[in-house]
Structure formats: C-alpha cells, structure tokens
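Here is a short tour for a reader meeting this structure for the first time. Please keep the sequence and the 3D view open while reading.

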Amino acid sequence: MPSPTVTLIAHADAAPELRRRWDRYADHWPAATRPRASEPVDLADALCEPHTVTGAAVLLLLADDDPATRAGVLKLIDLLDARMTPAVVLTPADSSHYDDLASDRVIVMPDAADPAAVASALHALAARQPAVVALLDELRTVRRFHGGLQDQMDRLQEELQLAAHVQRQFIPRSLPAIEGLEFAVLFRPCGYVSGDIYDVARIDERLTGFFVADAVGHGVPAALMTMVLSKAMPSIDDDGSIVGPAESLRRLNSSLMKRTGRVQTFATAACGVIDARTGVVTIAGAGHPPPLRISQSTTRPIETEGCLLGVFDDGMYNEVSFRLEPDEILVIHSDGFETAFPDPPGEHKNHANARYLDHFREIRDHRQHRSLEQAVGELARSLDRQSGSLHQIDDETALVIARAREAARAAA
C-alpha cells in the first residue's frame with residue numbers, strides 16, 4: 001500500500017514549527033511505510049487556492065486564537081467537508097473555541113499532545129480515506145446515472161401524455177343528441193392511456209351505432225390497439241347498405257389477423273345499432289362481457305356468440321335483436337368493473353365479484369328522477385368511495401343507453 005500524503009497547514013510564521021513537529025509525528029507513524037507531507041501551506045493561501053490542499057488527510061496547526069483565525073479555520077473546515085477530507089487540528093492549550101469542530105472527519109487535539117497520539121489519529125484518518133474516495137466516485141457515478149434515468153423518465157412521461165392526447169382524439173368528446181334516445185358513458189383509464197375505447201354515432205335518420213371494445217392488456221400496447229378497434233363501429237358501406245354489428249366485427253377481426261405479427265394481440269368488443277323510433281337493438285359480441293338489459297325487476301345479460309378479435313382467421317359473429325322497453329336501460333361495459341367494487345371487510349375476498357351489477361341497477365333506479373347522465377354520475381361517485389379507487393386495477397368503461405322519456409311516453 002503506498003504511503004499516504006498529508007497536507008500541512010499553518011500560519012506562515014508557524015510553518016517552521018509545523019515542519020519540525022511533522023518529523024516527530026512521522027517517526028511515530030504506526031505503519032511501516034513512512035508518510036509523506038507537503039510543504040506547509042499558509043491558512044490564507046489554502047482558502048484562496050483550494051487546489052493546494054491535497055493528500056489523504058490534513059494536519060492544521062493553530063498558533064493563534066484570535067477571531068480572524070477562528071473565522072479562517074471555520075471556512076477551511078467547510079472546504080474540507082465539501083471534499084470529504086479528514087483533518088487533525090492542533091489548538092493552543094488554553095483555547096476551547098475549537099472544541100465544536102470535532103466530528104467523524106475532524107479530530108481536535110491540543111498542540112502539546114503526545115506525538116504518538118497525533119500520529120495514530122492521522123494514520124487512522126488517512127488509512128480510511130481511500131475507501132471514502134472510492135465511495136465518492138461510486139456516488140458520482142450513481143448520480144450521473146440517476147440524472148440520465150430521470151431524463152428518460154421525464155421523456156417517457158411526455159410521450160405518455162402525448163399518447164393520451166392522441167387517444168382522446170379517437171374518443172367522442174360528447175355523445176350525440178338523438179331524438180328518442182339517451183346516452184351516457186363512464187370512461188376511466190387506469191393510467192395515462194386506456195385499453196378501452198367506445199363510440200356512439202348516427203348512421204342514418206333512424207339508426208345509431210355504438211360499440212365498446214377492450215384490448216387485452218394495459219398501457220401503451222393496449223392503447224395503440226384501440227386505434228384499430230375504433231373501426232368496429234357499424235356504418236354505411238360504399239354501396240349504401242348498412243354494415244351491421246356482426247359484419248363490422250368480422251371485418252375488424254380480418255384486419256387484425258392481417259396485421260398481427262409475432263406478438264399476439266387480441267381484444268374483446270360489443271357493438272350494435274339501435275332504432276330511435278322503435279327501440280329495437282341489434283347487437284353482436286366478440287368475447288366481451290354480455291351487455292346488460294336492466295328493468296325494474298330483472299337484469300338480463302344479452303348472450304352473443306363470437307370469438308375474440310385477432311385470434312382466428314375465420315372468426316364468426318352472430319347478432320341478437322330485441323326491443324329496448326321504455327323502462328329499461330342497456331349497459332355495455334368492460335370487465336374492469338369486476339374488480340372495481342371489492343368485498344366488504346370480513347367477507348370472503350375474491351379477485352372479482354358481481355357487486356357491480358347492483359350499482360348498474362342503481363343507474364336505472366336513479367334515472368326515474370333525473371337524467372341518464374346524472375344517474376351515471378352516481379356510479380362514478382360510488383367508484384370514488386371504494387377502497388383503492390385511486391389505484392384502480394383495470395380500465396373501467398360503461399356505455400348506457402335508454403329510450404328518452406318523450407319516446408317512452410309516446411310508446412306507452
């Protein structure tokens with residue numbers, strides 16, 4: 001192990017004395033290798049030219065105890081602290097002004113201390129300094145990597161915010177006003193972006209199309225897939241014919257199968273059309289939770305046959321038709337609600353339960369006295385009251401459709 005170097009510091013008039021003392025300290029050095037020492041550096045020069053303070057430790061001899069010296073010593077200790085450089089401070093025998101300087105890196109001793117004691121203190125500080133320097137190097141490296149990591153995290157956050165902005169362009173800012181119908185939606189991504197997507201749009205003067213889709217997974221990959229899923233909306237074909245729900249899903253599945261690469265991507269969806277005059281709903285599903293037809297006394301799932309989107313080339317989808325009665329609501333939801341309402345404390349806890357069905361039924365009850373949008377707002381408040389609602393597990397989307405009250409009275 002190479003011999004350590006000690007920086008000697010004293011007032012200029014005390015430099016010769018420090019030089020003589022150093023020889024005695026070096027003679028008592030505990031290790032076999034004799035230490036090296038710099039030429040004594042004046043205290044004022046050490047403060048003005050910090051580069052003169054080098055070595056594994058500092059030996060500071062204080063011959064004076066005046067206020068100016070004390071101020072200089074405090075500045076020097078601050079400089080050494082910043083560099084994590086240890087020091088032994090030799091003070092006048094009758095002075096107690098420097099006792100508070102003692103720390104894990106500063107040893108304060110009277111200038112008449114035994115040379116062997118001074119040598120042992122310097123040796124201990126100098127011997128541990130290589131480990132301190134190595135730790136400082138590692139700390140600087142960690143801070144440099146941390147800075148780079150923080151930049152990456154900031155850039156990722158900006159990209160996620162941009163992705164969320166782009167995705168919102170594919171989601172209707174407001175639902176259309178269709179005479180004879182009411183629409184309301186609850187849409188809550190569990191992160192910046194969502195794997196759920198929905199839409200409602202008029203097809204012609206009587207028919208309105210709607211859909212809810214859920215890309216399997218979370219985060220950006222699922223959100224990117226929703227850009228393709230937005231094509232699931234029933235529409236009018238080039239020849240003027242209406243592309244119904246089942247055909248819309250079949251075309252979407254075909255498109256996904258052509259685009260699928262090595263990474264398997266798939267999704268669920270439910271889409272349909274509703275006739276504003278008659279209330280007749282035609283709906284098709286692709287592995288999606290069954291839409292719910294909720295009346296005052298019953299909750300009936302609309303079972304549809306259809307495979308997941310993006311799994312089979314020859315995926316087939318069937319349609320189910322029914323008349324939405326004036327006192328009913330139709331709820332098309334994603335599977336995020338299965339974990340949205342946890343079991344009460346003390347009950348058997350499952351990863352999923354059917355408590356959300358009670359809250360969907362409450363939408364129908366609330367609608368008796370308020371608008372459908374206000375009734376769905378009560379569902380949102382119920383979600384907010386749940387334990388863990390700030391850290392929801394999955395995206396939550398519920399599209400609710402009902403006959404408008406005017407239409408309901410006309411039908412009656």
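The report below takes two helices, one cavity and a few single residues in turn. The model is a predicted one.

## Helix α3

Start with α3, which runs over residues 67-83. How far apart are its end C-alpha atoms? They lie 25 Å apart. At 1.5 Å a residue, the 17 residues of α3 should span 24 Å, so the two values agree.

Next, look at what α3 hides. Its buried residues are Thr69, Gly72, Val73, Leu76, Ile77, Leu79 and Leu80. Around the axis they cover an arc of only 160°, which means that they sit on the same side of α3. The other side of the helix holds exposed residues: Pro67, Lys75, Asp78 and Ala82.

Which elements cover the buried residues of α3? The cover includes four strands and a helix named here one by one: β1 (5-10), α2 (43-48), β4 (57-61), β5 (87-91) and β6 (106-110).

## Met84, just past the helix

Met84 comes just after α3. It belongs to the loop between α3 and β5. Its phi is near 60°, a positive value in a residue other than glycine. Most residues other than glycine have a negative phi. Is Met84 buried, exposed or partly exposed? Met84 counts as partly exposed because its relative accessibility is 27%, and the partly exposed class lies between 20% and 50%.

## Helix α8

Now move along the chain to α8, which covers residues 372-384. Its 13 residues should span 18 Å at 1.5 Å a residue. The end C-alpha atoms of α8 are 19 Å apart, so the helix agrees with that expectation.

The buried residues of α8 are Leu372, Ala375, Val376, Gly377, Glu378, Leu379, Ala380, Ser382 and Leu383. They pack against the strands β7 (181-188), β17 (329-333) and β18 (396-403), and against helix α7.

## The cavity

Rolling a probe the size of a water molecule over the atoms shows where empty space is left. How many cavities of 30 Å³ or more does a search of the whole structure find? The search finds 1. The largest cavity holds about 30 Å³ of space.

Its lining is made of His359, Glu362, Ile363, His366, Ala375, Glu378, Leu379 and Ser382. Two elements give two or more residues to that lining: α7 (355-366) and α8 (372-384). By type, the lining residues divide into 3 nonpolar, 3 polar and 2 charged. Ala375, Glu378, Leu379 and Ser382 of the lining are also among the buried residues of α8.

## Three single residues

The table sets three residues beside a partner elsewhere in the sequence, with C-alpha to C-alpha distances.

| Residue | Partner | Apart in sequence | Apart in space |
|---|---|---|---|
| Asp104 | Leu292 | 188 residues | 71 Å |
| Ala269 | Ser248 | 21 residues | 11 Å |
| Asp199 | Met233 | 34 residues | 7.3 Å |

Asp104 is found in the loop between β5 and β6. Is Asp104 buried or exposed? With a relative accessible area of 55%, Asp104 is exposed, because exposed means over 50%. Beyond its neighbours within four places in sequence, Asp104 is in contact with Leu125 and Arg128.

Ala269 has its place in strand β12, residues 267-275. Its relative accessible area is 0%, so Ala269 is buried. Leaving aside neighbours within four places in sequence, Ala269 is in contact with Val212, Ala213, Leu249, Ala284, Gly285, Ala286, His288 and Leu309.

Asp199 lies in strand β8, residues 196-202. Which residues touch Asp199, apart from neighbours within four places in sequence? They are Pro172, Gly209, Phe210, Phe211, Met233 and Leu399. Met233, one of these contacts, is also the partner listed for Asp199 in the table.

Technical notes: Residues numbered from 1 in each chain as written. Predicted model: local features only at pLDDT ≥ 70, side-chain atom pairs only at ≥ 80, totals over all residues. Heavy atoms only, no water. Expected span 1.5 Å × (residues − 1). Buried < 20%, exposed > 50% of the residue type's maximum accessible area, 1.4 Å probe, protein only. Arc of directions from axis to C-beta. Contact = heavy atoms within 4.5 Å. 1 Å grid on protein atoms, 1.4 Å probe; cavity = no way out; pocket = protein on both sides within 12 Å on 5 of 7 lines; lining within 4 Å. Points joined across faces, edges and corners; volume = space filled by probe spheres on them. Nonpolar A, V, L, I, M, F, W, Y, C, P; charged D, E, K, R; others polar.
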